[in-house]
Amino acid sequence: MARLLVVEDEVLVARDIQGRLQRLGYEVVGSAAKGEEAVEMARNLVPDLVLMDINLRGDIDGIEAAIQINEVESIPIIFCTAYSSAEILERAKITSPFGYVLKPFDNRELEINIQIALFKHRVERDLAETKQNLDSTLSHVSDGVIAADDSGRIFLINPIAEKIVGCESGNGTGKNLDEILRLEGFEAGQASINLMDPETFAFWKQFSGIRQRLTRFDGRKVPIELSANFLEEDANLTVITFRDISQQLGYEETIQRNAFFDGLTELPNRALFVDRLEGSINRRKRGGRPGQFSVLFIGLDGFTVINEGFGHDAGDMVINQIGQRIAKTIRPDDTVSRFSGEIFALLLDPVEAVTGSIQACQRILSAVQEPISVQDSTLNITASVGIVVNNGEYLSADQMLQDVDTALHRAKSDTHGSYVVFDNARYEDAVRFIDRKNGMQKAIVQGDFEVHYQPIVSLETGKLAAMEALVRWPHPEEGMVSPAEFIPIAEATGLILPLGEYVLHSVCDQIKRWNDQGLSGFRVAVNFSARQFEVDVAALVRTALSSAGIEPTQLAMEITEGLAMKNVNRNTEMLADIRKLGVNISMDDFGAGYSSFSYLKRFPLTTLKIDRSFIKDIHENEEDKRITRAIIAMGQSLNLATQAKGVENDEQLEILREYGCDCIQGFYYSKPLPASQMTEYLLEGAA
Ligand code: C2E
Ligand code: MG
């Protein structure tokens, strides 16, 4: 039963209408006499229909009330009016009324009007709902949907369709199909579909999933897959659905390409390279191909600097250009691959052994070195190259790759732009180097290193004047490893920094223990490598002294001439700081190797230690005698103490005494001793 609201300001008329409506079988949910009242009741009761008198007393009339009701609810309204002036009816139109009945009205007229209004309203509502459902469905489907009439005029296009073709939202409606869908054949030779020609259209409509290339509004071409439905019963309605398949195609292609080619340079990737290398090895094994072949690893030098300084896009650009340059230098049968990061790999097969490989390498190095412009700068890039030649001894790709990698590493540690041909002897060196480095690292962490002490004796008093601290590495498998072997590795790897600090602290702590036992009056000299001056070595010394609680006058530092080779100003300043503390500074191995003594003026030295090479044969060799005598004389004139190293016998000792050397150190008195034995030595009263 329909629910009606009656709006009528004449009470008697209102009652009459109510009675009639009820008799006609309607429910009257309310009756309003004023416009405002009508609006409120309509909003609260939400009737199925309002019967509205146009002329109402009060502020607003029936037309205004209808407008206000429709602002909130869509309720069909029938106007009732006693007279129908053209002007009033014109005004009433803006409310799109569902009907008019003229007063006085008969029941039949009233009923027909009400029924038509209710029906019309229901249809409108259903239609709106359907349209809304359709709209939301179409805007949610992932395909583009276009519907056109038989002349090809588009009357429906969803947002996805507009997005794919690249036209502005809402602009597709009203256009012709061929304006919106500009198609051409997808594969070479395939015809485009003429959407405006019913015959060709009819031909392919039976196929679905046809691939065509679509020209978007911005001119870009995208591959699409489309299906068409031709609904002939429905006034030749054409419905086309389509989707952008560039991603999908991209995936298909990339899956293919990714497996074997590098995305940036489009060169073969590691997988394809290894595959080809295995091919070369297997052909040799089967005896299918004679001769040698080689693998080169080409690593760009300082590539991280480019990446960090210019950004990764610039880095990519450089990689790409270099890749193309390398590719141009090789023969068609050879393989160049972007192996990883900034490393390219080359398989030269066949090759004239080492000579051929080196020739290829030189071509590559000069191609790489051509200037390259990155942003506003011109870069000169160099590469290092590792080379390994297979004379038949390699039976696996892995082994060959491992060796070429080692060669590349060696080349990288040489000057930039160099190449290294792998050979086994060097390989063993490298393995030992890495093994030592790892072992040392572990030993530093575990505190395995020991410090031994060797007395330095005054020739004047015959008593202990100082001692030298010498580090020892008791290796778990190899016994004591000589510092002559591990110090150079520690220097090369930078491990000398933690190791040097460790030695300095253990020496200072040991001095403190001796002090506590009443043993003092001597300096302990600690060896420092030039690399330790890369950090604030003066601060390290201060910390070690203060944390052990000993006097700077109990410590001496042994430096080498290498310190005068680099950063002389900085090193001089640091030495001055240390000397100012009261720490003695000895120039170790004096006279060995370095011809300019200019540092003697600059460095705040206290002592010269005469190199063992002069002392060794001093008793038999006139030249050594002369040099040693000159060094001692020079020390005296510069007010520097002199110490001779490696004294092993009486003859050497007597010569040194005669020349006026201050102190001697060597097996003649004692070998370097562990701290405990040194303590005994001191307690025996050597000091
Ligand atoms: P060095 O500073 O020249 O140390 C003297 C070396 O000569 C020591 O070798 C010592 O054992 C050896 N020696 C002493 N008396 C004689 C002798 O009468 N005859 C012979 N043939 N040799 C004698 P060691 O202990 O093998 O040390 C080798 C080098 O390792 C040292 O040479 C020093 O340059 C370096 N070194 C040792 N400990 C450290 C350290 O803690 N830090 C640094 N940076 N280098 C160290
Ligand atoms: Mg020394």
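**Entry 1: a cut-off, then the helix H23 pair**

I count a residue as buried under 20% relative accessible area, as exposed over 50%, and as partly exposed in between. By that yardstick Arg-657, at 40%, is partly exposed. Note to self: this is a predicted model.

I looked up the partner of Arg-657 and found Glu-654, with the closest N and O atoms of this salt bridge 3.5 Å apart. Both sit in helix H23 (residues 650-659), and because they are three residues apart there, about one helical turn separates them. Glu-654 has a relative accessible area of 43%, so it is partly exposed too. Elsewhere, I noted a network in which salt bridges with shared partners join Arg-211, Glu-225 and Arg-243.

**Entry 2: other salt bridges**

How many salt bridges are found in the whole structure? My search gave 22. As background, side chains of opposite charge can pair when their charged atoms come close.

I pulled up Glu-622 and Lys-625, whose side chains meet in a salt bridge at 3.1 Å, N to O. This pair lies in helix H22 (residues 622-637), three residues apart, or about one turn of the helix. Is Lys-625 buried or exposed? Its relative accessibility is 18%, so I put Lys-625 down as buried. Glu-622 comes out at 48%, which means it counts as partly exposed.

I also checked Arg-220 and Asp-218, which form a salt bridge at 3.9 Å, N to O. With the salt-bridge cut-off at 4 Å, I kept this pair at 3.9 Å on my list. Arg-220 is partly exposed at 46%, and Asp-218 is partly exposed at 48%.

**Entry 3: the magnesium ion**

Which residues are the protein donors of the magnesium ion (ligand 2)? I wrote down Glu-468 (OE), Asn-527 (OD1), Glu-558 (OE) and Asp-588 (OD), which lie 2.0 to 2.2 Å from the ion. Along the chain, the donors follow the spacing E-x58-N-x30-E-x29-D. I then placed the two glutamates: Glu-468 is in strand S20 (residues 464-475) and Glu-558 is in strand S23 (residues 555-559), so this pair ties together parts that are 90 residues apart in sequence. I checked their accessibility as well, and both Glu-468 and Glu-558 are buried.

**Entry 4: surface patches**

Next I went over the surface. I found a negative patch formed by Glu-36, Glu-37, Glu-40 and Asp-59. I traced Glu-40 to helix H2 (residues 35-45). Its relative accessibility is 52%, and with the line for exposed drawn at 50%, Glu-40 counts as exposed.

What makes the nonpolar surface patch of about 300 Å²? Phe-119, Val-123 and Leu-127 do. I placed Leu-127 in helix H5 (residues 107-140). Its relative accessible area is 58%, so I have Leu-127 as exposed.

**Entry 5: a buried isoleucine**

I wanted a residue from the inside as well and picked Ile-387, which has 0% relative accessibility and counts as buried. Ile-387 belongs to strand S17 (residues 383-390). I then took the C-alpha separation between Ile-387 and Ile-298, which came to 8.9 Å, with the two residues 89 apart along the chain.

**Entry 6: backbone oddities**

Reminder before going on: most residues other than glycine have a negative phi, and most peptide bonds are trans.

Which peptide bond did I flag as cis? The one from Asp-349 to Pro-350, with omega near 0°. I looked up where Pro-350 sits, and it lies in strand S14 (residues 343-351).

Then I went through positive phi values outside glycine. Glu-266 has a phi near 65°. It is found in the loop between helix H9 (246-260) and helix H10 (270-285). Is Glu-266 buried or exposed? Exposed, because its relative accessible area is 52%.

Gln-375 also went in the notebook, with a positive phi of about 50° although it is not a glycine. I found Gln-375 in the loop between strand S15 (372-374) and strand S16 (377-379). It reaches 56% relative accessibility, so I logged Gln-375 as exposed.

Technical notes: Residues numbered from 1 in each chain as written. Chains lettered and ligands numbered in written order. Predicted model: local features only at pLDDT ≥ 70, side-chain atom pairs only at ≥ 80, totals over all residues. Heavy atoms only, no water. Donors = N, O, S within 2.8 Å, 3.2 Å for Na, K, Ca; no water. Helix = DSSP H or I, 4+ residues; strand = E, 2+ residues; numbered from the N terminus. Buried < 20%, exposed > 50% of the residue type's maximum accessible area, 1.4 Å probe, protein only. Patch = residues over 30% accessible without salt bridge, like charges linked within 9 Å, V, L, I, M, F, W, Y side chains within 5 Å. Areas by Shrake-Rupley, 256 points an atom, 1.4 Å probe, with all protein chains shown as cover. Lys, Arg positive; Asp, Glu negative; His and termini not counted. Charge placed at Lys NZ, Arg CZ, Asp CG, Glu CD.
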